[in-house]
Amino acid sequence: KCDIEGGEYEISHEIVAHARRFAGIAIEFHDLHDHLPALLDFVSAIGKTHNLDHVHVNNTSKYDARGIPGVLELSFSRQDIDPDLDFAEHNPHGFANSMHGPDLDTSNNPGTLSA
């Protein structure tokens, strides 16, 4: 999981270089208004080893005039791990294996709607 308030762009090349070490990646990209090309480059590069599983707009930021949100949360899973396998084999810490449920896309700030 990577949530480092804008520093993700500085380390994104390292994530890609060591992508095979990660069964899954959850990363929050900030300030997309200024860094959209870097985000697209990362998604393209990590897409060689990982599938993009989920995109969530963080509603703590505003959309710009182009309709680009300020913050996106992206989740990826490694392509060579069969999602139908017993997750416990790849998960020694016992984390839940679920991308389903009513709370998957709840607002980051329930009192604010994305605008």
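**Figure 1. Helix 1 against helix 2.** In this predicted model, helix 1 covers residues 8-17 and helix 2 covers residues 32-46, and their axes come within 10 Å of each other. The crossing angle is roughly 5°. Angles under 35 degrees count as roughly parallel, so helix 1 runs roughly parallel to helix 2. On the helix 1 side, the contact is made by Y9, S12, I15 and V16. Helix 2 answers with L32, H35, A38, L39, F42, A45 and I46. Sort the residues of this contact by type and you get nine nonpolar, two polar and no charged.

**Figure 2. E10, on helix 1.** E10 lies in helix 1 and counts as exposed, with a relative accessibility of 63%. Here E10 is paired with A38, which sits 28 residues away in sequence. From C-alpha to C-alpha, E10 and A38 are 9.9 Å apart. A38 is also one of the helix 2 residues in the contact shown in Figure 1.

**Figure 3. The largest nonpolar core.** This core has 14 residues, and the ones that touch the most other members are I27, F29, L32, F42, I46, L74 and F76. At least two residues come from each of helix 1, strand 1 (24-29), helix 2 and strand 3 (72-78). Helix 2 is the top contributor, giving four residues. L32, F42 and I46 turn up again here, having already appeared on the helix 2 side of the helix-helix contact.

**Figure 4. F29, at 0% accessibility.** F29 is found in strand 1 and counts as buried, with a relative accessibility of 0%. Leaving out residues up to four places away in sequence, F29 touches E8, Y9, L39, F42, G70, V71, L72 and L74. V71 is worth picking out from that list: it is 42 residues from F29 along the chain, yet the two C-alpha atoms are separated by 5.6 Å. F42 and L74 are listed with F29 among the core residues that touch the most other members.

**Figure 5. L74 and its neighbours.** Skip the residues within four places in sequence, and L74 is in contact with I25, A26, I27, F29, L39, V43, L52, H54 and V55. Among these, I27 and F29 join L74 in the group of core residues with the most contacts to other members. L39 shows up once more as well, this time as a neighbour of L74 after its part in the contact of helix 1 with helix 2.

**Figure 6. H50 and its polar contacts.** H50 is found in strand 2 (residues 50-57) and is buried, with a relative accessible area of 2%. A polar atom of the H50 side chain lies 2.7 Å from the backbone oxygen of F22. The side chains of H50 and T49 are also joined by a polar contact, again of 2.7 Å. Not counting residues up to four places away in sequence, H50 touches A19, F22, A23, I25, F76, S77, R78 and Q79. F76 is also on the list of well-connected core residues, those touching the most other members.

**Figure 7. D31, with a positive phi.** D31 is not a glycine, but its phi is positive, at about 50°. D31 sits in the loop between strand 1 and helix 2. With a relative accessible area of 40%, D31 is partly exposed.

**Figure 8. Two exposed residues and their distant partners.** A65 belongs to the loop between strand 2 and strand 3 and counts as exposed, at 90% relative accessibility. A65 and H33 are 32 residues apart along the chain, and their C-alpha atoms are separated by 9.5 Å. K1 lies in the segment before helix 1 and is exposed too, at 84% relative accessibility. Its partner in this view is S75, 74 residues away along the chain, with 9.0 Å between the C-alpha atoms.

**Figure 9. The chain that frames these views.** The protein chain has two helices and three strands, and from the N terminus on they run α-β-α-β-β. Of its 115 residues, 31% count as buried. Take the contacts between residues at least 6 apart in sequence, and 69% of them join residues at least 24 apart.

Key
Residues are numbered from 1 along each chain as its sequence is written. This is a predicted model: local features need pLDDT of at least 70, side-chain atom pairs count only at pLDDT 80 or more; totals for chains, interfaces and linings use all residues. Side-chain values use heavy atoms; hydrogens and water are left out. Axes are lines fitted to C-alpha atoms, for helices over the stretch in contact, and angles run from 0 to 180 degrees between N-to-C directions. Angles under 35 degrees count as roughly parallel, over 145 as roughly antiparallel, 65 to 115 as roughly perpendicular and the rest as oblique. Contact means heavy atoms within 4.5 Å. Ala, Val, Leu, Ile, Met, Phe, Trp, Tyr, Cys and Pro count as nonpolar, Asp, Glu, Lys and Arg as charged, and the others, Gly among them, as polar. Buried means under 20% relative accessible area, exposed over 50%, partly exposed in between (1.4 Å probe, protein chains only). A polar contact is a pair of N or O atoms within 3.5 Å; within protein, one must be able to donate a hydrogen and the other to accept it, and residues adjacent in sequence count only if both atoms are side-chain atoms. A nonpolar core is a set of buried Ala, Val, Leu, Ile, Met, Phe, Trp, Tyr and Cys residues joined through side-chain atoms within 4.5 Å.
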